[in-house]
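Student: I am new to this structure and would be grateful for a close look at a single part, namely its salt bridges. Please then place that part in its surroundings.

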Amino acid sequence: MIGTLLVLAAPGDGGAAAVVRGLTTQGGYGGVLAVTPAELARSRWSHRLNGRGEPSTRITLPTGQVLDDGTVGAVLHRLPGLPFAAGAEKGPQAKDAVYTHSERQALVASWLLSLVPRVIGPISAYGTVFGPVSPTTALVHAERCGLPVARRGGATRSGLVGRPAPGERHVPRLAWPGGPGSAVPVDVVPEAGDHDSLLVAGDRVIGLGAGDYAERCHRLATALGTRHVEIRLTRRATGTVVTAVNLCPRLDDPRHVEATASLMVAVAEQSTRRPE
């Protein structure tokens with residue numbers, strides 16, 4: 001039997017909850033467990049290195065349940081970061097609280113990095129699913145991988161960006177009566193349109209347009225250091241463009257939920273076969 005399928009996600013993460021429901025319905029493995037950032041922050045941790053520099057981790061959750069390296073089959077990593085203790089970021093002890101928080105975050109990162117083959121989602125020293133990759137950086141990677149990315153940008157005044165190109169809008173940052181060309185900062189953003197989403201889940205790409213973009217989507221996932229990423233496509237008269245890349249996929253499409261659950265099971269089965 002494969003190990004525990006662990007879902008790390010914030011409360012209210014509907015996509016994570018859907019994956020947990022799907023896995024629970026399937027059954028046939030060592031259990032499904034959803035853990036929130038607050039529960040990780042309240043847990044008791046033992047994180048050690050042996051003489052060969054190999055890490056081992058044992059986590060006792062607030063419920064008393066114990067997680068260790070040998071019981072975890074696969075991890076769906078959707079952590080936005082650990083919370084500060086209530087009120088700890090203020091007052092004379094704030095500096096110590098910030099230090100403690102950063103150490104806890106580093107502990108989570110080290111744990112996830114030690115489980116690399118079993119973790120689904122980007123892993124970095126930040127310990128969060130987004131790590132150092134901003135939405136704009138993700139789009140830059142998408143363009144470098146050959147995907148058609150919608151133009152974005154900005155200027156200190158609208159006259160510097162010219163007229164909106166087909167499929168884009170110019171949005172002033174301030175309400176100003178000067179009209180086009182006025183000295184108001186402006187953002188260039190994609191025009192609203194019909195959306196589709198492609199999900200990279202391991203070797204699969206799911207969604208409309210997967211056949212056209214699969215290879216480039218896989219290249220993007222590799223560039224971002226993950227095997228689980230969502231690419232948002234917008235259809236417009238001038239063609240289809242990528243308007244967002246989400247390192248924490250929304251998972252609001254049943255097909256994406258099923259693909260994520262299947263990927264977790266496959267990863268857990270592979271880790272069970274792999275000699276430790």
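Tutor: A residue is called buried when its relative accessible area is under 20%, exposed when that area is over 50%, and partly exposed in between. The model under discussion is predicted, and the values below are computed from it.

In general, side chains of opposite charge can pair when their charged atoms come close. This structure holds 9 salt bridges. One of them joins Asp196 to Arg235, with 2.3 Å between the closest N and O atoms. Asp196 belongs to strand 11 (residues 194-201) and Arg235 to strand 13 (residues 228-236), so this pair ties together parts of the chain that are 39 residues apart in sequence. Asp196 has a relative accessibility of 16% and therefore counts as buried. Arg235, at 37% relative accessibility, counts as partly exposed because this value falls between the two cut-offs.

A further salt bridge is formed by the side chains of Arg78 and Asp13, at 2.9 Å from N to O. Here distant parts of the chain are linked: Arg78 is in strand 6 (residues 72-78), Asp13 is in the loop between strand 1 and helix 1 (14-26), and the two are 65 residues apart. Arg78 is buried, with a relative accessible area of 5%, and Asp13 is buried as well, with 18%.

Asp187 and Arg173 also form a salt bridge, in which the closest N and O atoms are 2.9 Å apart. Since Asp187 lies in strand 10 (residues 186-190) and Arg173 in the loop between strand 9 (168-172) and strand 10, the pair ties together parts that are 14 residues apart in sequence. Asp187 is partly exposed, with a relative accessible area of 26%, whereas Arg173 is exposed, with 51%. In addition, Glu230, Arg250 and Asp252 are linked in a network of salt bridges.

The surroundings may be approached through strand 1 and strand 6, which have already been mentioned. Thr4 is found in strand 1 (residues 4-9), and with 11% relative accessibility it counts as buried. Leaving aside residues up to four places away in sequence, Thr4 touches Gly30, Gly31, Leu33, Thr71, Val72, Gly73 and Ala74.

Leu82 lies in the loop between strand 6 and helix 3 (94-114). Leu82 is buried, its relative accessible area being 8%. Its contacts, again not counting residues up to four places away in sequence, are Pro37, Leu40, Ala41, His101, Arg104, Gln105 and Val108. The C-alpha atoms of Leu82 and Glu39 are separated by 9.0 Å, although these residues are 43 residues apart along the chain.

Finally, there is the contact between two helices. Two packed helices are described by the angle between their axes and the distance between the axes. The axes of helix 4 (residues 135-144) and helix 5 (residues 210-224) come within 9 Å and cross at roughly 135°. The two helices are therefore oblique to each other, and helix 4 passes helix 5 in a right-handed crossing. Ala138, His141 and Ala142 in helix 4 meet Leu220, Ala223 and Leu224 in helix 5. By class, this contact has 5 nonpolar residues, 1 polar residue and no charged residues.

Notes. Residues numbered from 1 in each chain as written. Predicted model: local features only at pLDDT ≥ 70, side-chain atom pairs only at ≥ 80, totals over all residues. Heavy atoms only, no water. Axes fitted to C-alpha atoms, helices over the stretch in contact; angles between N-to-C directions. Helix = DSSP H or I, 4+ residues; strand = E, 2+ residues; numbered from the N terminus. Parallel < 35°, antiparallel > 145°, perpendicular 65-115°, else oblique. Left-handed = near helix turned anticlockwise from the far one by under 90°. Contact = heavy atoms within 4.5 Å. Nonpolar A, V, L, I, M, F, W, Y, C, P; charged D, E, K, R; others polar. Buried < 20%, exposed > 50% of the residue type's maximum accessible area, 1.4 Å probe, protein only. Salt bridge = Lys/Arg side-chain N within 4 Å of Asp/Glu carboxyl O.
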